[in-house]
Amino acid sequence: MLPKIADSLSFLYLDVVRVVQDDTGVCAQIATARGTEQVYLPTAALSCVLLGPGTSITQPALATLARHGTTVLCTGSGGVRCYSGIIPDSLTSRWLELQARRWADDHERLNIAIRMYEQRFGTGTVPAGTTLAQLRGMEGQRIKALYRVLAQQHRIGRFRRSYDPASWDQQDPVNLALSSANTCLYGIVHAAIQAMGCSPGLGFVHSGTQNAFVYDIADLYKAHLTIPLAFGLHDSFNPEQEARRSFRSELRLFKLMPRIVNDIQRLLTPDTPQLDIEPDGTAPGLVDSRG
């Protein structure tokens, strides 16, 4: 069964509002020139509420959302970063248990890492007997080759990937745009992983960080989303801002959230038939795991 997180309609993003519980239900309040206006939230139909900048929420409202099995996440503007989350007790642990079992088994862990690589670069591209360390090296070479191709296409000369927060302003536009777009991507993947109930820290390729699984899943989409976008901004005067705006537009077309859920399920349960993602970003025959 697909958790309702895969259905884009089950997400609600809010910013610059106060979320409260009244006698009728949970509502979002905002002060305007006409006074305080409010919109009631369909709590029973929501799988995940993303609280953006300028939001506050009361304890009774949180309790109601928890009773309905709704995940509440604190995010950046547009939901492109995930800072923390409150996951209800009613959320199924099925995917977390599957992830933990696969991660703890060295053979299964390597198989999933190989499936991630082949999803990005094509099936049959990993020789038999390849170790995880060798797989990481192969991935690095592939990405460097992509950098070279895009650098030639945009005529920007030799490109070297660099991420140095200490000298942020001295970096070239491509690196600034790529770092900014990747941060947005990580936030969306993090939100999806948490809302599914999986662990962001149990990575299959990456390790040693609380966001290892986030980086694993995000890598599946960089060659399609963030890397070409960043090279397209090589002559931008404000690459960070343009990267964030362009990325939001791209991910709407790419239907990123349902892809993340479907890909995680396909990686953890390769022998189980997966639902295809429709052009509108939904999955046919979607079943809510909460019943």
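**Exercise 1. The chain as a whole**

What percentage of the 291 residues of the chain count as buried? Describe the chain in general terms as well.

*Solution.* The model is a predicted one, and every value below is computed from it. Of the 291 residues, 44% count as buried. The next step is to list the secondary structure, which consists of 9 helices and 8 strands. Turning to contacts between residues at least 6 apart in sequence, one finds that 59% of them join residues at least 24 apart. Finally, the surface that the chain exposes comes to about 14700 Å², and carbon and sulfur atoms supply 51% of that area.

**Exercise 2. Helix α3 from start to end**

Work out what span helix α3 should have, and compare it with the distance between its end C-alpha atoms. Then describe what lies at its start, along its length and just after it.

*Solution.* Helix α3 covers residues 106-121, which makes 16 residues, and at 1.5 Å a residue the expected span is 22 Å because the rise is counted once less than the number of residues. The end C-alpha atoms are 23 Å apart, which agrees with that expectation.

At the start of the helix, a side-chain oxygen of D105 comes to within 2.9 Å of the backbone nitrogen of H107. Along the helix, the buried residues are R109, I112, A113, I114, M116, Y117 and E118. To read such a list, it helps to recall that residues three or four places apart in an α-helix point the same way, because there are 3.6 residues a turn. The cover over the buried residues of α3 includes α2 (94-104), α4 (132-154), α6 (212-218) and α9 (256-268). After the helix comes G122, whose phi is positive, near 110 degrees.

**Exercise 3. An aromatic cluster**

Which residues form one aromatic cluster with F159, and how are the rings in each pair arranged?

*Solution.* A search of the whole structure finds 6 aromatic pairs. In one of them, the rings of Y147 and F159 have centres 5.2 Å apart and planes at 75 degrees; an angle over 60 degrees counts as edge-to-face, so this pair is edge-to-face. Y147 belongs to helix α4, whereas F159 lies in the loop between α4 and α5 (173-196), so the pair ties together parts that are 12 residues apart in sequence.

The second step concerns F159 and F231, which form another edge-to-face pair, with 4.9 Å from centre to centre and 65 degrees between the planes. Since F231 is in helix α7 (residues 226-231) and F159 is in the loop between α4 and α5, this pair ties together parts that are 72 residues apart in sequence. Taken together, Y147, F159 and F231 form one aromatic cluster.

As for burial, a residue is buried if its relative accessible area is under 20%. F159, at 15%, therefore counts as buried, and F231, at 0%, counts as buried too. Y147 is likewise buried.

**Exercise 4. Two residues with positive phi**

Are V16 and R155 buried or exposed, and what is the phi of each?

*Solution.* Most residues other than glycine have a negative phi. V16 has a positive phi, near 55 degrees, and R155 also has a positive phi, near 55 degrees. V16 lies in the loop between β1 (11-14) and β2 (18-21), while R155 is in the loop between α4 and α5. The cut-off for an exposed residue is over 50% relative accessible area, so V16 is exposed at 53%, and R155 is exposed at 77%.

V16 can be followed further: leaving aside neighbours within four places in sequence, V16 is in contact with I30, P53, G54 and T55. V16 and I30 are 14 residues apart along the chain, and their C-alpha atoms are separated by 7.2 Å.

**Exercise 5. A residue of helix α9**

Which residues does D263 touch, not counting those up to four places away in sequence?

*Solution.* D263 is found in helix α9, and with a relative accessible area of 8% D263 is buried. The residues that D263 touches, under the condition given, are Q119, L220 and Y221.

Definitions and conventions
Residues numbered from 1 in each chain as written. Predicted model: local features only at pLDDT ≥ 70, side-chain atom pairs only at ≥ 80, totals over all residues. Heavy atoms only, no water. Helix = DSSP H or I, 4+ residues; strand = E, 2+ residues; numbered from the N terminus. Buried < 20%, exposed > 50% of the residue type's maximum accessible area, 1.4 Å probe, protein only. Contact = heavy atoms within 4.5 Å. Areas by Shrake-Rupley, 256 points an atom, 1.4 Å probe, with all protein chains shown as cover. Polar contact = N/O pair within 3.5 Å; in protein donor to acceptor, adjacent residues only side chain to side chain. Phe/Tyr/Trp six-rings, centres within 6.5 Å; stacked < 30°, edge-to-face > 60°.
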